[in-house]
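I opened my notebook to work through this one from the protein pair outwards to the DNA. Here is what I looked up.

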2 protein chains.
Amino acid sequence: MSQSHIDVSALASEACPVSEVLDHVSGKWSIGILVAAAQSPVRFTELERSIRGISRRMLTLKLRKLERDGLLVRTVHPVVPPKVEYTLTEMAQELHKSLLELTGWARRHGAAVAAAQAAYDHEHKG
Amino acid sequence: MSQSHIDVSALASEACPVSEVLDHVSGKWSIGILVAAAQSPVRFTELERSIRGISRRMLTLKLRKLERDGLLVRTVHPVVPPKVEYTLTEMAQELHKSLLELTGWARRHGAAVAAAQAAYDHEHKG
DNA sequence: CTGGATCCGCAGAGATACTG
DNA sequence: CAGTATCTCTGCGGATCCAG
């Protein structure tokens, strides 16, 4: 990874791992998973159903990634049938707040964005 | 009432503008560009230099996308050599605030994330 | 200076089948 | 229930050249 330390925070004149961390929420499902998992604890299948459209593979991969990043805690209950619960860590909950700001913005301006796109396309038609 | 199930399905659904908008900031460079362009107005080359690592092609593509979304305003000054400036729209500036929360979080927890990864890898060693 | 066009490699992401 | 293992396809993203 770290093919390039993108100095996204170049504006701050400081080099930090910001871009790397940001890259983790930059995936197609990362944000959705974190938001869905915010109602901790949540089980694997619940996540799979909540985030409709996600494949089992992707959910697993992203869950592992989030766990590795220290954002999720994976708890295995030794029962039958298997029961695994995912819980947001402290810092993940903090991140979640920022994420809610994002989704809130998207909710408020979704229509405006759509309109802008339509206008742009219209102006750009052949 | 107790919406124990957040409307994540709406997030993952293409019918809801939230996921679409979210998808736009989910790219590898989108966030960086928006943050860099926050100091409006900014010229093409300035952006290219600020966001080191980005290719000309990607910068152009993302800039077009952001413009289409109504987040950036592209102003062409009819002079030689060409001068083009990009400015954040009102709603983009609002979005930028949320983005700053994100980068702030990344800044604060970057080290912790790195540590978590190291721990995970160690525990997962071969 | 500010782009557009093209070629191409690689990681992301879907579908499916199998296992503890 | 909760994953893992392949296989494949798509599109992002990089490099390079060309143009207004």
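**Entry 1: how the copies meet.** I began with the interface: 92% of the interface residues of chain A are interface residues in chain B too, so the two copies meet through the same surface. Contact here means heavy atoms within 4.5 Å.

I noted the ground rules next. This is a predicted model, where local features need pLDDT of at least 70 and side-chain atom pairs count only at pLDDT 80 or more, while totals for chains, interfaces and linings use all residues. Residues are numbered from 1 along each chain as its sequence is written, chains are lettered from A and ligands numbered from 1 in the order in which they are written, and side-chain values use heavy atoms, with hydrogens and water left out.

**Entry 2: the symmetry.** Two copies of a chain are related by a rotation about an axis and a shift along it. I looked up both: a rotation of 180° with 0.0 Å of shift along its axis puts chain A on chain B, with an RMSD of 0.2 Å. That is how a two-fold axis relates copies. The fit is by least squares on the C-alpha atoms of residues with pLDDT of at least 70 in both. Which residue of chain A comes closest to the rotation axis? I found A:Ser26, with its C-alpha at 2.2 Å.

**Entry 3: the sheet in chain A.** I traced an open sheet of 3 strands, in the order β1-β3-β2, with antiparallel pairing. β1 (42-43) and β2 (72-77) are at the edges with a single partner strand each, so one side of each has no neighbour in the sheet. Helices (H or I, at least four residues) and strands (E, at least two) are DSSP runs, numbered from the N terminus. Strands pair if DSSP finds at least two bridges between them, and β1(A) has 2 bridges to β3 (residues 83-88) of chain A. In one of them A:Val42 has A:Tyr86 as its bridge partner. I also saw α4(A) lying across β2 and β3 of chain A, at about 115° to β2(A). Such angles run from 0 to 180 degrees between N-to-C directions, with axes fitted to C-alpha atoms, for helices over the stretch in contact.

**Entry 4: DNA strand C.** I counted as near any residue with a heavy atom within 4 Å. There are 19 residues around strand C, with A:Arg57, B:Thr45, B:Thr60, B:Arg74 and B:Tyr86 the closest. Of the strand C atoms within 4 Å of the protein, 68% are sugar or phosphate and the rest belong to bases. For polar contacts I took N or O pairs within 3.5 Å. The side chain of B:Arg74 has an N or O atom 2.4 Å from a phosphate oxygen of strand C, and for A:Lys62 that distance is 3.5 Å. α5(B) gives the most to this surface, with 4 residues.

**Entry 5: DNA strand D.** How many residues surround strand D? I got 20, and the closest include A:Tyr86 and B:Lys28. Sugar or phosphate makes up 65% of the strand D atoms within 4 Å of the protein. A phosphate oxygen of strand D lies 2.5 Å from a side-chain N or O atom of A:Arg74, and one lies 3.0 Å from a polar side-chain atom of A:Arg43. α4(A) supplies the largest share of the surface near strand D, 4 residues.

Notes: A polar contact is a pair of N or O atoms within 3.5 Å; within protein, one must be able to donate a hydrogen and the other to accept it, and residues adjacent in sequence count only if both atoms are side-chain atoms.
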